[in-house]
Amino acid sequence: MSKVLIIPDVHLKPWMFDKAEELIEKGEYDRVVLLGDLIDDWYHEKDIDLYRDTFERIYEFLEKHPDTIYCFGNHDVSYLFQAFESGYSSYARDIVVEGVNKIIYMLPEDNSAYIHRIDNVLFSHAGLTERFVKRCFGGGSRIDIDNMIEMINRLPKDKIWRDDSPIWARPQYGSMRMYPIDLMQVVGHTPVVAPLLENNGKLLTLDTFSTYDTGEPIGNEKFVWVDTITEEWGMISEE
């Protein structure tokens, strides 16, 4: 594997997949990674059509790109867990549960999970932290990272629905140590003005499409590619 196109937090913006299609047609990418949080946004709890349209657009995208990697986001699994949080829509619950399960069904086995490894890069919605590993596995150092990822992806709600987990952690600005230290991690979840690289070049945060409650963008709404072997990355020009 090498060059991967990243689609960060969507939050009911089906037009992001139109932009992604345009970029894919212009460039050469070996795979696409979705960082999760496909649904929920400010004041859209009753906009059932927008929930439905978002999933329909995702289905169309996955039919064209059937090897897409999907990282579960906290908003996505909150409906499967029946765990309420900000933005949760009781009106759209059935649509979301059906939609997430259909995505899992459409993709190859293991392509939908909390965390994925491609070469030298870990992809998850929020990041794999040392605190989470210690809580779930003790020190963790005796467990091979690939075996650990497999175990994490089978963990139940009570282990995952925590603020240090791969769907909830906020390690930006050094607030949490990452695990392991030798692999690059690519995450969304925490809105940033522009793609943010920190932790000695090992943590890349890409939630640049989220908005304020006014609807104004927080970030620059740029897509990013990552080379999973060299760990190089860059914003993609739309020209």
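**Buried helices, salt bridges and backbone exceptions**

Ile 95 has a relative accessibility of 16%, so it counts as buried, the cut-off being under 20%. This value, like the others here, comes from a predicted model. Ile 95 belongs to helix H4. Leaving aside residues up to four places away in sequence, Ile 95 touches Ile 48, Tyr 51, Arg 52 and Phe 55. Its C-alpha lies 18 Å from that of Asp 9, and the two residues are 86 positions apart in sequence.

Helix H4 (93-106) also takes part in covering helix H3. H3 spans residues 74-81 and is mostly covered, with 7 of its 8 residues buried. The buried set consists of Asn 74, His 75, Asp 76, Val 77, Ser 78, Tyr 79 and Phe 81. Besides H4, the cover over these residues includes H2, strand S3 (69-71), H7 and S7. Gln 82 follows H3 and has a positive phi, near 55 degrees.

Charged side chains were examined next. Side chains of opposite charge can pair when their charged atoms come close. The structure holds 15 salt bridges. In one of them, Asp 41 meets Lys 13 at 3.8 Å, N to O. This pair links distant parts of the chain, 28 residues apart. Asp 41 sits in the loop between strand S2 (31-34) and H2, whereas Lys 13 sits in the loop between strand S1 (3-7) and helix H1 (15-26). Both Asp 41 and Lys 13 are buried.

Glu 231 and Lys 202 form another salt bridge, at 3.0 Å, N to O. Glu 231 lies between strands S10 (224-227) and S11 (233-235), and Lys 202 lies between strands S8 (196-198) and S9 (203-207), so the bridge ties together two loops whose paired residues are 29 positions apart in sequence. Glu 231 is buried, and Lys 202 is buried as well.

A further salt bridge joins Asp 163 to Arg 131 at 2.6 Å, N to O. Asp 163 lies in the loop between helix H7 (157-160) and strand S7 (184-191), and Arg 131 lies in helix H5 (residues 130-137), so parts 32 residues apart in sequence are tied together. Arg 131 is partly exposed, at 43% relative accessibility. Arg 131, Arg 135, Asp 163 and Asp 164 form one network through salt bridges that share partners.

Asp 47, Asp 53, Glu 56 and Glu 98 form a negative patch on the surface. One of these residues, Asp 53, is located in helix H2 (residues 48-64). Asp 53 has a relative accessible area of 44% and is therefore partly exposed.

The backbone shows several exceptions to common geometry. Most residues other than glycine have a negative phi, and most peptide bonds are trans. Leu 12, which is not a glycine, has a positive phi near 65 degrees. Leu 12 is placed in the loop between S1 and H1. Its relative accessible area is 5%, so Leu 12 is buried. Asn 199 is likewise not a glycine, yet its phi is positive, about 55 degrees. The loop between S8 and S9 contains Asn 199. At 39% relative accessibility, Asn 199 is partly exposed. A cis peptide bond runs from Tyr 179 to Pro 180, with omega near -10 degrees. Pro 180 is found in the loop between H7 and S7.

Notes: Residues are numbered from 1 along each chain as its sequence is written. This is a predicted model: local features need pLDDT of at least 70, side-chain atom pairs count only at pLDDT 80 or more; totals for chains, interfaces and linings use all residues. Side-chain values use heavy atoms; hydrogens and water are left out. Patches are made of residues with over 30% relative accessible area and no salt bridge: like charges are joined within 9 Å, nonpolar side chains (Val, Leu, Ile, Met, Phe, Trp, Tyr) within 5 Å. Accessible areas come from the Shrake-Rupley method with a 1.4 Å probe; for residues, only the protein chains shown count as cover. A salt bridge is a side-chain nitrogen of Lys or Arg within 4 Å of a carboxyl oxygen of Asp or Glu. Lys and Arg count as positive and Asp and Glu as negative; His and the chain ends are not counted. The place of a charge is taken as NZ of Lys, CZ of Arg, CG of Asp or CD of Glu. Helices (H or I, at least four residues) and strands (E, at least two) are DSSP runs, numbered from the N terminus. Buried means under 20% relative accessible area, exposed over 50%, partly exposed in between (1.4 Å probe, protein chains only). Contact means heavy atoms within 4.5 Å.
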